Amino acid sequence: MKLDPFYLIVDSAAWIERLAPLGVKLVQLRIKSKNETGLRAEIRKSKGFCAQHKCQLIVNDHWRLAIEEGCDFVHLGQEDLQTADLSRIRAAGVRLGLSTHDRVELETAMFAEPDYVALGPIYPTILKKMKWMPQGLERISEWNRRVAPIPLVAIGGLNPDRLNGVFEAGANSAAVVTDITLSSDPETRTREWIEKTDRWR
Ligand SMILES: Cc1ncc(COP(=O)(O)OP(=O)(O)O)c(N)n1
Ligand SMILES: Cc1nc(C(=O)O)sc1CCOP(=O)(O)O
Ligand SMILES: [Mg+2]
């Protein structure tokens, strides 16, 4: 399976409605704060916008709702994995991306036969407090040797200037939140990401 090299992560369908028309082809809906009704509505709207723009939607955390809403890709972290029913996810034909932050987590992830593996945080991130030190580029190469041909996603503190480094080190896709969502001009920044990832597409 091939992932688009630009992997946008946002916290609402409104962001997808705004940025997918620019040519985003891979987006994760990562909502931490809503109740089930609100989440379902956001997933449903996101699915619609993604279908309209031929963009792959990945639902973070909420795998049950993703299945119920007919989505086909979820992302889970290691804590999520402890309570997730992988056989239900697989039986529903839903693909699975998994987070990893150290070698033990990588072993756990590989055992679950994911459709991609994410490694982070590559650089310091301001989005959330993390107990891991930044991984650095060498770690991407180590992960690539271990997971290939499964796609490897790099995440954490990424920006357009850091992209060549992460792809040259062996990442197949670069995930981003704040470099775009906190930008003073998210549309222009999104176009810059699309352009800078083009040679890896
Ligand atoms: C592409 C990608 N990589 C890592 C994460 C982090 O997942 P997780 O560790 O479960 O943390 P939360 O995002 O749920 O806070 C991700 N969401 N996407
Ligand atoms: C949600 C998330 N997960 C990470 C991990 O390492 O698993 S880093 C991260 C935050 C990414 O946001 P930004 O692009 O703003 O740094
Ligand atoms: Mg999670």
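Hi everyone. Let me begin with residues 12–180: the C-alpha atoms at the two ends of this span lie 14 Å apart, and the span is 43% helix and 18% strand. I picked that stretch since UniProt lists residues 12–180 as "domain: Thiamine phosphate synthase/TenI", in an unreviewed entry. Please keep in mind throughout that this is a predicted model.

Now to the ligands, starting with ligand 1. Which residues come nearest to ligand 1? There are 16 residues around it, and the nearest are Gln28, Arg30, Lys32, Ser99 and Lys128. If you sort the shell around ligand 1 by class, you get five nonpolar, six polar and five charged residues.

Let's look at some individual contacts here. In the side chain of Lys32, an N or O atom is 2.6 Å from an oxygen atom of ligand 1. His75 also uses its side chain: a polar atom there lies 3.4 Å from a nitrogen atom of ligand 1. With Gly77 we turn to the backbone, where a polar atom is 3.2 Å from an oxygen atom of ligand 1. How much of ligand 1 does the protein bury? Taken alone, ligand 1 exposes 420 Å², and the protein buries 89% of that. As for where ligand 1 sits, the space it takes is the largest pocket. Two elements give two or more residues to the shell around ligand 1, namely β1 (6–10) and β6 (116–119).

On to ligand 2. The space taken by ligand 2 is likewise the largest pocket. Around ligand 2 there are 13 residues, and His101, Thr125, Gly157, Val177 and Thr178 come nearest. By class, that shell has six nonpolar, six polar and one charged residues.

Again, a few contacts to find on your screens. A polar atom in the side chain of Thr178 lies 2.5 Å from an oxygen atom of ligand 2. Gly157 takes part through its backbone, with an N or O atom 2.8 Å from an oxygen atom of ligand 2. Pro121 offers a polar backbone atom too, 3.1 Å from an oxygen atom of ligand 2. And the burial? On its own, ligand 2 exposes 430 Å², of which the protein buries 95%.

Pro121 deserves a second look, this time for its backbone. Is the peptide bond that joins Gly120 and Pro121 cis or trans? It is cis, with omega at about -10°. You will find Pro121 in the loop between β6 and α7 (137–147). So we have a proline with a cis bond before it and a backbone contact to ligand 2.

There is another cis bond to point out. The peptide bond from Ala148 to Pro149 is cis, and omega is near 10°. Pro149 is in the loop between α7 and β7 (152–155).

One last backbone detail, and then I'm done. Where is Lys54? Lys54 is in the loop between α2 (36–52) and β3 (56–60). Its phi is near 50°, which is a positive value in a residue other than glycine.

To recap, the protein buries 89% of the area that ligand 1 exposes alone, and for ligand 2 the value is 95%. Thanks for listening, and I'm happy to take questions!

How values were computed: Residues are numbered from 1 along each chain as its sequence is written. Chains are lettered from A and ligands numbered from 1 in the order in which they are written. This is a predicted model: local features need pLDDT of at least 70, side-chain atom pairs count only at pLDDT 80 or more; totals for chains, interfaces and linings use all residues. Side-chain values use heavy atoms; hydrogens and water are left out. A residue is near a molecule or strand if one of its heavy atoms lies within 4 Å of it. A polar contact is a pair of N or O atoms within 3.5 Å; within protein, one must be able to donate a hydrogen and the other to accept it, and residues adjacent in sequence count only if both atoms are side-chain atoms. Accessible areas come from the Shrake-Rupley method with a 1.4 Å probe; for residues, only the protein chains shown count as cover. On a 1 Å grid over the protein atoms alone, a cavity is a set of points where a 1.4 Å probe fits but cannot get out, and a pocket is an open set with protein on both sides within 12 Å along at least five of seven lines; lining residues have an atom within 4 Å of a point. A molecule sits in a cavity or pocket if more than half of its atoms lie within 2 Å of its grid points. Ala, Val, Leu, Ile, Met, Phe, Trp, Tyr, Cys and Pro count as nonpolar, Asp, Glu, Lys and Arg as charged, and the others, Gly among them, as polar. UniProt positions are given in the numbering used here, feature names are shortened, and annotations may be inferred rather than shown by experiment. Helices (H or I, at least four residues) and strands (E, at least two) are DSSP runs, numbered from the N terminus.
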